[in-house]
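Please open the structure in a viewer and keep the sequence panel visible beside it. The tour proceeds by selection, with a short account of what is found at each stop.

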Amino acid sequence: MLTRRDVLRSAAAAAVSAPVLFATARAEDPKPAGFTLPKLPYDYAALEPSIDAETMTIHHTKHHQAYVTNLNAALTKDAPDLLKKPIEAILTDLKGVPEAARTAVRNNGGGHWNHTFFWGVMAPTGKGGEPKGDLLKAIEASFKSVDEMKKAFNDAATKRFGSGWAWLVPGKEKPLAITSTANQDNPQMEGGPAPILGVDVWEHAYYLKYKNLRAKYLEEWWKVVNWEAVAAGFAKK
Ligand code: MN
């Protein structure tokens, strides 16, 4: 038969493990309105030595965060209905954004999409793999070889005057094509296809480590491309 002391003792034992139960039972905080900074899919130092941890930290927590903050501010002020829309739906229909917010949404919404995409097409050093299968066939059919594709891509990235991006996209005449955009634009804004690979050539992406040497940054960046993610993007087209 249980004594009062036994009951108290077992209650005390239960209390030790209780915090886990209480923590999981607590209601989730409501999701804040608008867009949020996604977590990086790897550590800030994971792309070393190609991309240094300090650059990654500032790029993610300051630059990308600013695009998210400014996008939310512009939409909250002039187009609160759009806070609930997926970012792709907003960027592929910029004419549907009220004029007062359109430039801010183009720049900051573009910045949010581009950076989210960019983090995903990179992988920790040594983990990125190589192009293979259907993706490799498409690269060879479009550019003859992976090296020739890289050359053409680097050319577009190097010649982008000022700040912008270079992209590998599904093509019209050939399976794949290369293009480049200024600022935080991307091909989808002009009715083009969603890219399957892209590189940020804003100076904030490389200046701390590579100073003015954009070509050196590009050479190193290829070492951290996530070819599985690129292949997955290509398979969706
Ligand atoms: Mn950037």
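The stops below concern a metal site, a helix and a pair of loop and helix residues in a predicted model.

**Stop 1: the manganese ion**

Select the manganese ion, then display the side chains of His59, His115, Asp200 and His204, which coordinate the ion. The three histidines each contribute NE2, whereas Asp200 contributes OD. The coordination distances run from 1.9 to 2.1 Å. In the sequence panel, these donor residues follow the spacing H-x55-H-x84-D-x3-H. Two of the donors, His59 and Asp200, link distant parts of the chain, being 141 residues apart. His59 belongs to helix H2 (residues 53-78), and Asp200 to strand S3 (residues 197-200).

Next, colour these two donors by solvent accessibility. Are His59 and Asp200 buried or exposed? His59 has a relative accessibility of 1% and therefore counts as buried, since the cut-off for a buried residue is under 20%. Asp200, at 0%, is likewise classed as buried.

**Stop 2: helix H8**

Select residues 214-221, which form helix H8. Within this helix, display Arg214, Tyr217, Leu218, Glu220 and Trp221, which are its buried residues. Turn the view to look down the axis of H8: the buried residues fall within an arc of 165°, so they line one face of the helix. What do the buried residues of H8 pack against? Their partners are helix H4 (99-120), helix H6 (146-159), helix H7 (207-210) and strand S3. Strand S3 was met at the first stop, as the element that holds Asp200.

**Stop 3: Asn114**

Move to helix H4 and select Asn114, which lies in that helix. Asn114 has a relative accessible area of 0% and is buried. Leaving aside residues up to four places away in sequence, Asn114 touches Trp165, Trp167, Gln184, Asp185 and Asn186. To check one of these pairs, place a distance label between the C-alpha atoms of Asn114 and Asn186: they are separated by 7.4 Å, although the residues are 72 apart along the chain.

**Stop 4: Asp185**

Finally, select Asp185, one of the residues that Asn114 touches. Asp185 is situated in the loop between strand S2 (176-182) and S3. With a relative accessible area of 16%, Asp185 is buried. Show the side chain of Arg106 as well: a polar contact of 3.0 Å joins the side chains of Asp185 and Arg106. Beyond four places in sequence, Asp185 touches Arg106, Asn114, Trp165 and Trp167. Trp165 and Trp167 are also among the residues touched by Asn114.

Note on methods. Residues are numbered from 1 along each chain as its sequence is written. This is a predicted model: local features need pLDDT of at least 70, side-chain atom pairs count only at pLDDT 80 or more; totals for chains, interfaces and linings use all residues. Side-chain values use heavy atoms; hydrogens and water are left out. Donors are N, O and S atoms within 2.8 Å of the metal (3.2 Å for Na, K and Ca); water is not among the atoms, so sites may look incomplete. Helices (H or I, at least four residues) and strands (E, at least two) are DSSP runs, numbered from the N terminus. Buried means under 20% relative accessible area, exposed over 50%, partly exposed in between (1.4 Å probe, protein chains only). The arc is that of the directions from the helix axis to the C-beta atoms. Contact means heavy atoms within 4.5 Å. A polar contact is a pair of N or O atoms within 3.5 Å; within protein, one must be able to donate a hydrogen and the other to accept it, and residues adjacent in sequence count only if both atoms are side-chain atoms.
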